[in-house]
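I opened my notebook to look at empty space and helix packing in this one. Here is what I looked up, entry by entry.

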Amino acid sequence: MFKVKYIDLKLKDYKESWDFQQDIQNQLIRAKFDGNNSGGMPCLIFVEHPHVYTLGKSGKENNLLINPEFLASINATFYKTDRGGDITYHGPGQLVGYPVFDLDALGIGVKSYIGQLEESIIQTLEIFNIHSSPFDGATGVWIVPDAPSSARKVCAIGVKVSRGITMHGFALNVSTDLKYFNYINPCGFTDKGVTSMEKELGYHPDMEKVKNVLKQNLAARFGLDLV
């Protein structure tokens, strides 16, 4: 079993959360390569953010479709980040997960890691009777009907790996206000939609229940001992 500290930050500013996980990643890198035995423990961090748009390092800034004045009027902020992927939105009602794991200790590569994140989320959605899957050519978890042009993303994934240590992660739309996605080309797509568990189910799912189910699925799939 891979011992991991579980941390629920509740509602927390995006930049503060970014700095928090960066500090943990740096501690783990020092412990791994510099023999610093006082390094921190790998973590699974759950959090919700106030309204914010984040752009991945390979993303295009013109996928943000609004100007700074409108951004301020909807009480949102914008950050360029060092994760993979393009632009996405975070906000209340969205479960964001930041696993800070050592992939070498887990014995997996980046592609397998992302695939296992996707499968953990797919299994979680299945518990709520939402059928989802990966989508060829795009990361994340999708509700994919027979017509692929109607595919809609329910969970975005974007990670950064430094010396085998992960950060950033996934964003699962539980009861997210989806109108905020109207102001971007989500993940750079102009021909695919975005959805939430609430929209698919027709009722407001309990966030704590979603957290508990997803936490258990992540622990089982990665072999984690959550403390």
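**Entry 1, the lining of the largest cavity.** I started with the strands, keeping in mind that this is a predicted model. I found that β9 (152-162) and β10 (165-173) each supply at least two residues of the lining of the largest cavity. β9 gives the most, with four residues.

**Entry 2, the cavity itself.** I then looked up how many cavities of 30 Å³ or more the structure holds, and there are two. The largest encloses about 60 Å³ of space. Twelve residues line this largest cavity, and I noted Thr88, Lys153, Ala156, Asn173 and Phe181 as the closest to its centre. Sorting the lining by class gave me eight nonpolar residues, three polar and one charged.

**Entry 3, a helix pair.** Next I turned to helix α4 (residues 110-127) and helix α6 (residues 207-222), which pack with their axes 9 Å apart and at an angle of about 140°. How should I describe α4 and α6 relative to each other? Angles over 145 degrees would count as roughly antiparallel, so I wrote the pair down as oblique. I also noted that the crossing of α4 and α6 is right-handed.

**Entry 4, who touches whom.** On the α4 side I listed Tyr113, Gln116, Leu117, Glu119, Ser120, Ile121, Gln123, Thr124 and Ile127. They meet Val210, Val213, Leu214, Asn217, Leu218, Arg221 and Phe222 in α6. By class, I have nine nonpolar, five polar and two charged residues in this contact of α4 with α6.

Notes:
Residues are numbered from 1 along each chain as its sequence is written. This is a predicted model: local features need pLDDT of at least 70, side-chain atom pairs count only at pLDDT 80 or more; totals for chains, interfaces and linings use all residues. Side-chain values use heavy atoms; hydrogens and water are left out. Axes are lines fitted to C-alpha atoms, for helices over the stretch in contact, and angles run from 0 to 180 degrees between N-to-C directions. Angles under 35 degrees count as roughly parallel, over 145 as roughly antiparallel, 65 to 115 as roughly perpendicular and the rest as oblique. A crossing is left-handed if the near helix is turned anticlockwise from the far one by less than a right angle, and right-handed if clockwise. Contact means heavy atoms within 4.5 Å. Ala, Val, Leu, Ile, Met, Phe, Trp, Tyr, Cys and Pro count as nonpolar, Asp, Glu, Lys and Arg as charged, and the others, Gly among them, as polar. On a 1 Å grid over the protein atoms alone, a cavity is a set of points where a 1.4 Å probe fits but cannot get out, and a pocket is an open set with protein on both sides within 12 Å along at least five of seven lines; lining residues have an atom within 4 Å of a point. Grid points are joined across faces, edges and corners, and a volume is the space filled by probe spheres set on the points.
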